[in-house]
Every structure is written in C-alpha cells, then in structure tokens.
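Here is a quick walk through one protein model, from its surface loops to its metal site and its cores. Have the structure open as you read.

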Amino acid sequence: MRRGFKAEAERLATQIRDDVGISPHEPLDHVGAQLRMADELTSLTRLQELEALQPGAFSACTFDFGDRKIIVVSPLATGERQRSDASHEASHLLLKHTVKEVERVGDLSFFTCDPDEEQEANWLAGCLLLPRDLILWSLRRGLDAAAIAAANNVSLQMANFRLRATGAERQAATWRR
Ligand SMILES: [Zn+2]
C-alpha cells in the first residue's frame, strides 16, 4: 500500500461518521449509497446456481450512476459478510476507484479492480466498520473483541484484525497498568 494510505484511511473513516452526523463510536450503516440485495436484480435461483458453480463468485458489486450509487450484496451471505462486502464497495467509491474491466461468469457480468485498489478498499473497509476511535472507546468501556464484533455486526475475525492493526489493544494495555 502506498505511503500514508493507512493514516489517510483512518482520517476518512472518522470524517465519514462526522459527515453523516453520527458519533465516532456508532456503527455505520452505509456511505452515501443505496444498498440492494442481488435477488432484487436477478432471481435467487440464479444466484444459488452460480454459487454452486463457483462458490463465492458473487459477493458484491457497485453501480455508479453519478449522484446515484447503488451497492449490491448477496442475499446468500451472512449479515456480517454483507456489511463487510458493502463496506468494501463503499470504499471503492470513496477512493474514487474506476472500474477497470468486466469479468463474466456464466451470463452475469462482474466489475473488477486492480490488486492495489483491492488492497486499499479492504483496508478502508475495516477502518469504516471499526475506526480506531470506536475501538478505543469500546476498550475503555471494557468491551473485548467478541463484544465489539457483536455491537457492530462484524465478524470476530474483523474485530481481532482491527484491534491489532490500530494498535488499540496495546494502547488499552497501558491504561490498565
Ligand atoms: Zn473490490
């Protein structure tokens, strides 16, 4: 990842909550985009057929119509996974990544980005779901990784990842000393 990106992502994640008028520690639902389930665009049967053909082939995608942005997630995924996928897609929008190519699986089209942009979107997605301030606020209240995951509807894996990535765990340990 390019120099300074991680700090920029944390700033962006803080700014977004400010922009939509929620506290730094509140869960974020969506970022200026509408969320739709893929079975509103195609049939659930077709999604299930695709999943059987190539597991995980479809997780989420974004349609950018200028001022109208729509993020589509899979109804077959868990709520946690949908949030994570939606956050990833929102990150592409926030970072103004452009669609590079279209992949086709069966008769469905997929937009893919370059690997650097995927890495950036993954990183920012984590920051959006669990910004550093939110994690510190939670740790101060005695919440552990599992409680943080549950409160924000993210996976335990994501909570643990962000606890390490932000260094918040280390910082909380110094308060207890
Ligand atoms: Zn992506």
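## Two loop residues with positive phi

Let's start on the outside: Lys 96 is exposed, with 69% relative accessible area. You'll find Lys 96 in the loop that links α3 to β4. Its backbone is worth a look too, since phi of Lys 96 is near 55°, a positive value for a residue that is not glycine.

Asn 153 is another non-glycine residue with a positive phi, of about 55°. This one belongs to the loop between α6 and α7. Asn 153 has 37% relative accessibility, so it counts as partly exposed.

## How far to trust the model

Keep in mind that this is a predicted model. The mean pLDDT of the protein is 86, with 89% of the residues at 70 or more. Helix α6 (residues 145-151) has the highest confidence, a mean of 96, while strand β4 (residues 101-105) has the lowest, at 60. As a rule, where pLDDT is low, the predicted coordinates should not be read in detail.

## The overall layout

The protein has eight helices and five strands. Going along the sequence, they come in the pattern α-β-α-β-β-α-β-β-α-α-α-α-α.

Of the 177 residues, 41% count as buried. Among contacts between residues at least 6 apart in sequence, 66% join residues at least 24 apart.

## The zinc site

Which protein atoms serve as donors of the zinc ion? They are NE2 of His 88, NE2 of His 92 and two OE atoms of Glu 118, lying 2.1 to 2.4 Å from the metal. Along the chain, the donors follow the spacing H-x3-H-x25-E. His 88 sits in helix α3 (residues 79-94) and Glu 118 in helix α4 (residues 115-129), so this pair ties together parts that are 30 residues apart in sequence.

The geometry is irregular, because the four donor atoms subtend angles of 55 to 130° around the zinc ion; to count as tetrahedral, all angles would have to lie between 85 and 135 degrees. As for burial, His 88 has 11% relative accessibility and so counts as buried. Glu 118, at 25%, counts as partly exposed.

## Helix α4 and its surroundings

Helix α4 passes a simple length check: at 1.5 Å a residue, its 15 residues should span 21 Å, and its end C-alpha atoms are 21 Å apart, which agrees. Its buried residues include Glu 117, Glu 120, Trp 123, Leu 124 and Leu 129. Among the elements that cover the buried residues of α4 are α1 (5-19), α3, α5 (132-140) and α7 (156-166).

One place to see α3 against α4 is Ser 87, which is found in helix α3. Ser 87 has 7% relative accessibility, so it counts as buried. Leaving out residues up to four places away in sequence, Ser 87 touches Ala 125, Leu 128 and Leu 129. The C-alpha atoms of Ser 87 and Ala 125 are separated by 4.9 Å, although the two residues are 38 apart along the chain.

## Two nonpolar cores

The largest nonpolar core has 19 residues. Those with the most contacts inside it are Phe 5, Ala 9, Val 31, Ile 71, Leu 124, Cys 127 and Leu 128. At least two residues of this core come from each of α1, β3 (68-73), α3 and α4. The largest share, five residues, is supplied by α1.

Ala 9 shows some of these contacts: it touches Trp 123, Leu 124 and Cys 127, not counting residues up to four places away in sequence. Another core, of 15 residues, lies apart from the largest one, and Leu 130, Leu 134, Leu 139 and Ala 145 are among its members.

## A contact late in the chain

Thr 166 is part of helix α7. Is Thr 166 buried or exposed? With a relative accessible area of 9%, Thr 166 is buried.

Setting aside neighbours within four places in sequence, Thr 166 is in contact with Glu 10, Arg 132 and Ile 135. Glu 10 is 156 residues away from Thr 166 along the chain, and their C-alpha atoms are separated by 9.1 Å.

Note on methods
Residues numbered from 1 in each chain as written. Predicted model: local features only at pLDDT ≥ 70, side-chain atom pairs only at ≥ 80, totals over all residues. Heavy atoms only, no water. pLDDT = per-residue confidence, 0-100. Helix = DSSP H or I, 4+ residues; strand = E, 2+ residues; numbered from the N terminus. Donors = N, O, S within 2.8 Å, 3.2 Å for Na, K, Ca; no water. Tetrahedral: all angles 85-135°; square planar, octahedral: opposite > 155°, others 65-115°. Buried < 20%, exposed > 50% of the residue type's maximum accessible area, 1.4 Å probe, protein only. Expected span 1.5 Å × (residues − 1). Contact = heavy atoms within 4.5 Å. Core = buried A, V, L, I, M, F, W, Y, C linked by side-chain atoms within 4.5 Å.
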